[in-house]
Amino acid sequence: MHRNDLPIPEVRNIIVPQYNPDDAYNSLIKKAVELGCRQGVVIRTETIVIARWVQLKCKYGCDEYGKKLTCPPHSPSYEEMKDILREYHTAVLLHGHLSWQMRYSIVEIEKAAFSLGFYKAFGLGAGPCKLCENCVTTSTCIRTAEARPSMEACGIDVYQTVRNHSLKIETLKDKTDEVNIYGLILLE
Ligand code: SF4
């Protein structure tokens, strides 16, 4: 028989979910709390607010502007982030009190999410990257598995996004005020 005469095998769409979403979200939040986060909330990405003014605060107000590959102008622009957010429906918003702990947690949760089947998982931290003493911005990042841009470095209005979920965040009036730090893991 000529190979073109062979019967075409029946093609079936078999969708095997890799995870039960509720169990997966709960396990990610549980892990975040074990890593030292205060809490985690599953949110829809439509509730993430992005605005052009946010990167102005980096450019005119932050000493790290241009000095880290995770900060503007090296981090995703407002336009890029707007497009990226359209490619996700869900995210986990993490709340903590220490920026180093949040940066570590979002990378660990991103890895855990990927293992659960969220193959597009990507974390966004808080504040400038502190992994290397000197960040060589004329080259590429040397710790790409751990370095992640912060939400604000990508133009996300962290205050409004957090308030959309009735979580606590205030501008600091005094150095002794409790700091509320947030991280985000985009999931799909
Ligand atoms: S890991 Fe090092 S090279 Fe990469 S962004 Fe952070 S400081 Fe720069």
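Begin at Pro73, which sits in the loop between α2 (53-59) and α3 (78-86). The model on screen is a predicted one. Select Pro72 together with Pro73: the peptide bond joining them is cis, with omega at about 5°. As background, most peptide bonds are trans.

Stay in this loop and select Ser77, which also lies between α2 and α3. Is Ser77 buried, exposed or partly exposed? Ser77 counts as partly exposed because 14 other C-beta atoms lie within 10 Å, a number between the limit of 12 or fewer for exposed and that of 20 or more for buried. Now add Ala153 to the selection. Ala153 and Ser77 are 76 residues apart along the chain, yet 8.3 Å separates their C-alpha atoms.

Next, show the whole chain as a cartoon. Its secondary structure consists of five helices and four strands. Followed along the sequence, these elements give the pattern α-β-α-α-β-α-β-α-β. The chain has 188 residues, and 31% of them count as buried. Take the contacts between residues at least 6 apart in sequence: 76% of these join residues at least 24 apart.

Select the four strands. They form an open sheet in the order β1-β2-β4-β3, and the pairing is antiparallel. At the edges are β1 (39-44) and β3, each of which pairs on one side only. Ignoring direction, neighbouring strands of the sheet are turned against each other by 20° on average. In general, the strands of a sheet pair through backbone hydrogen bonds.

Zoom in on β1 and β2. These two strands run antiparallel and are joined by six bridges. Which residue in β2 is the bridge partner of Val42? The partner is Val92. Then bring α4 into view: this helix packs on the sheet and touches β2, β3 and β4. The direction of α4 makes about 15° with that of β4.

Keep Val92 selected and move to the interior. The largest nonpolar core has 35 residues, and Val92, Leu94, Tyr182 and Ile185 are those with the most contacts inside it. At least two residues of this core come from each of α1 (21-34), α2, β2 (90-96), α4 (99-116), β3 (122-124), α5 and β4. The largest share, six residues, is supplied by β4. As a general point, nonpolar side chains tend to be buried together in soluble globular proteins.

Pick Tyr182 from this core and display its surroundings. Apart from neighbours within four places in sequence, Tyr182 is in contact with Leu93, Leu94, His95, Ala126, Met151, Val158 and Val162.

Now go to Ser166, in the loop between α5 (158-163) and β4 (181-187). Ser166 is not a glycine, but its phi is positive, at about 55°. For comparison, most residues other than glycine have a negative phi. Is Ser166 buried or exposed? With 7 other C-beta atoms within 10 Å, Ser166 is exposed, because the limit for that class is 12 or fewer.

Finish at the ligand. Select the residues around it in these groups:

- Lys68, Leu69 and Thr70 are among the residues around the ligand.
- Cys129, Leu131, Cys132 and Cys135 are also among them.
- Cys141, Ile142, Arg143 and Ala147 are included as well.

How does this shell divide by residue type? Eight of its residues are nonpolar, one is polar and two are charged.

Key:
Residues numbered from 1 in each chain as written. Predicted model: local features only at pLDDT ≥ 70, side-chain atom pairs only at ≥ 80, totals over all residues. Near = placed C-beta within 6 Å. Nonpolar A, V, L, I, M, F, W, Y, C, P; charged D, E, K, R; others polar. Contact = placed C-beta atoms within 7 Å. Core = buried A, V, L, I, M, F, W, Y, C linked by C-beta atoms within 7 Å. Pairing = 2+ DSSP bridges. Axes fitted to C-alpha atoms, helices over the stretch in contact; angles between N-to-C directions.
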